[in-house]
Amino acid sequence: MAETIFSKIIRKEIPADIVYEDDYVLGFKDINPQAPFHVLFIPKVRIATHNDIDNSNVDYVAKLHLAAGKYAKEIGEDENGYRVVMNCNGNGGQTVFHIHMHFLAGRQMNWPPG
Ligand code: AMP
């Protein structure tokens, strides 16, 4: 499967509002925010969907969680709470096929999601 726009963001070929970066993960603001804080944390290698996580790349997924936790503390939303979501394929509502953890904070989240 061809690479996505997120590979171009990783290579800094197209702009993004980057709020977090380390050797494994990039975090940038979602262009269509669904909460006061809506950041996408993506691995710096392309994993197309949640189905493609395996033993060779699962460390990247752990790093997404670590990055989200650090960011929550940094913006002072760790105690208030937040939501992390990864959509998969059609029923999950995935539109960009490079896994991304949505980080949503700054308002009350509802359950079940729509
Ligand atoms: P999903 O529907 O889970 O695949 O989420 C894809 C997300 O990527 C959506 O929330 C979009 O708003 C967001 N998005 C798409 N293109 C960009 C971009 N260039 N910069 C930031 N966010 C983007």
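This report walks through a predicted model of one chain with a bound ligand, starting with the fold and ending at the ligand.

## Overall fold

Let's start with the layout. The chain has three helices and five strands. Follow the sequence from start to end and they come in the order α-β-β-β-α-β-α-β. The radius of gyration is 14 Å, and the globule rule gives 13 Å for 114 residues, so the chain is as compact as a globular protein of that length. Laid along its principal axes, the C-alpha trace spans about 35 × 30 × 30 Å.

## Two backbone spots to look at

Two places in the backbone deserve a quick look. One is Pro 112: the peptide bond leading to it from Trp 111 is cis, and its omega is near 0°. You'll find Pro 112 in the segment that comes after strand S5 (101–105).

The other is Lys 12. This residue isn't a glycine, yet its phi is positive, near 65°. Lys 12 belongs to the loop that links H1 to strand S1 (18–21).

## Where the ligand sits

Now for the ligand. It occupies the largest pocket. Two elements give two or more residues each to the shell around it: helix H1 (5–10) and strand S2 (25–29). Helix H1 gives the most, with three residues.

There are 16 residues around the ligand, and the ones that come nearest are Asp 30, Asn 87, Gly 93, Thr 95 and His 102. Sort the shell by residue type and you get seven nonpolar, seven polar and two charged residues.

## Polar contacts with the ligand

Which atoms pair up here? Take Asp 30, already named among the residues that come nearest the ligand. An N or O atom in the Asp 30 side chain is 2.5 Å from one of the ligand's oxygen atoms. His 100 also uses its side chain: a polar atom there lies 2.9 Å from a ligand oxygen.

With Ile 31, it's the backbone that takes part. A polar backbone atom of Ile 31 is 3.2 Å from a nitrogen atom of the ligand.

How much of the ligand does the protein cover? On its own, the ligand has 500 Å² of accessible area, and the protein covers 83% of that.

Technical notes: Residues numbered from 1 in each chain as written. Predicted model: local features only at pLDDT ≥ 70, side-chain atom pairs only at ≥ 80, totals over all residues. Heavy atoms only, no water. Near = heavy atom within 4 Å. Polar contact = N/O pair within 3.5 Å; in protein donor to acceptor, adjacent residues only side chain to side chain. Areas by Shrake-Rupley, 256 points an atom, 1.4 Å probe, with all protein chains shown as cover. 1 Å grid on protein atoms, 1.4 Å probe; cavity = no way out; pocket = protein on both sides within 12 Å on 5 of 7 lines; lining within 4 Å. Sits in = over half its atoms within 2 Å of the grid points. Helix = DSSP H or I, 4+ residues; strand = E, 2+ residues; numbered from the N terminus. Nonpolar A, V, L, I, M, F, W, Y, C, P; charged D, E, K, R; others polar. Rg over C-alpha atoms; globule rule 2.2 N^0.38 Å.
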